[in-house]
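Here is a short briefing on a protein and its ligand. Please look over the sequence and structure first.

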Amino acid sequence: MDATSTRGAGDAGIQVIPVWDPLVRMIHWSLVAVIVLNGFVTDPENRLHEYVGYAALGLVVLRLVWGLIGPRHARFTAFPPNPVAALRHIRDTVSGRNLLHLSHNPLGALMVYNIWATVLVLCATGIMMGTIRFFGLDWVKEVHEVAFSWLMASVALHLIGVFAETWMSGVPLVRAMIDGRKRVPAGRETE
Ligand code: HEM
Ligand code: HEM
């Protein structure tokens, strides 16, 4: 994708780089909405909880397909799960050497895979609860509940990560998830 440069009054220049395509952004904010709905609004005894859950499943599956065929920064190859690179990212951040990643940084990437996997566990156990084979089994319900608590803890860490990285890198990440563009201080090394 093309990068465009702008020069604001008195600043050294900002590179505006298109990163998140509309589908990635639509999936992200829709996933936030359906998780909030099913976690805090819908009654689990009600059919609506099931339908909203299927929407969550559809969004994650669509995103996983997009990770294979979507544009460059949305692809798994742009943010491979790599715990060693994630540890290196923490070490670099602590030592003040913050290399800028146009897709997810290696630590953020692990969190993203964790969130998708957790939503899939929620949907699988939710569907299982409605089947004859698994109906009424305590452990299925317990996994559903634990997965939800895990998801909430993950989202809290996700938000801490987003704001910490925004502060360290000087790139407004939330704005980029809204309009798709990362505003990178000119001259910053990107990967
Ligand atoms: C239920 C709540 C949330 C969930 C489950 C969630 C999940 C995710 C996932 C899965 C991604 C990866 C997107 C992709 O590659 O398709 C992501 C990225 C992102 N999310 Fe969230 N999110 C949540 C709430 C939020 C909120 C409230 C904000 C803003 C305040 C936010 C800001 C971001 C940003 C900025 C990124 C991109 C990070 C980067 O540049 O690497 N998220 N989120
Ligand atoms: C994003 C996806 C989902 C989220 C965030 C979610 C969240 C929750 C939460 C917070 C509860 C209450 C747990 C408690 O009793 O403390 C619950 C219960 C339940 N969920 Fe889900 N859920 C999701 C998907 C699904 C799906 C796809 C289904 C079915 C197709 C489903 C079926 C159920 C059922 C049957 C219960 C009631 C369990 C019981 O108390 O007997 N859920 N869910």
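**Ligand shell and nonpolar cores**

Helix 1 makes the greatest contribution to the shell around ligand 1, giving six residues; helices here are DSSP runs (H or I, at least four residues), numbered from the N terminus. The model is predicted, so local features need pLDDT of at least 70 and side-chain atom pairs count only at pLDDT 80 or more, while totals for chains, interfaces and linings use all residues. Residues are numbered from 1 along each chain as its sequence is written, and chains are lettered from A and ligands numbered from 1 in the order in which they are written.

**Confidence**
- The protein averages a pLDDT (the predictor's confidence in each residue, from 0 to 100) of 92, and 94% of the residues score at least 70.

**Around ligand 1**
- Of the 20 residues around ligand 1 (C-beta atom, placed from the backbone, within 6 Å of it), those that come nearest are Ile35, His104, Val112, Leu173 and Met177.
- At least two shell residues each come from helix 1 (22–41), helix 4 (106–129), helix 5 (138–169) and helix 6 (173–179).

**Nonpolar cores**
- The largest nonpolar core (buried Ala, Val, Leu, Ile, Met, Phe, Trp, Tyr and Cys residues joined through C-beta atoms within 7 Å; buried means 20 or more other C-beta atoms within 10 Å of a residue's own, all placed from the backbone) has ten residues, including Val34, Ile35, Leu59 and Val119.
- Helix 1, helix 2 (47–69) and helix 4 each give two or more residues to this core, and the largest share, four residues, comes from helix 2.

Notes. Buried ≥ 20, exposed ≤ 12 C-beta atoms within 10 Å, placed from the backbone.
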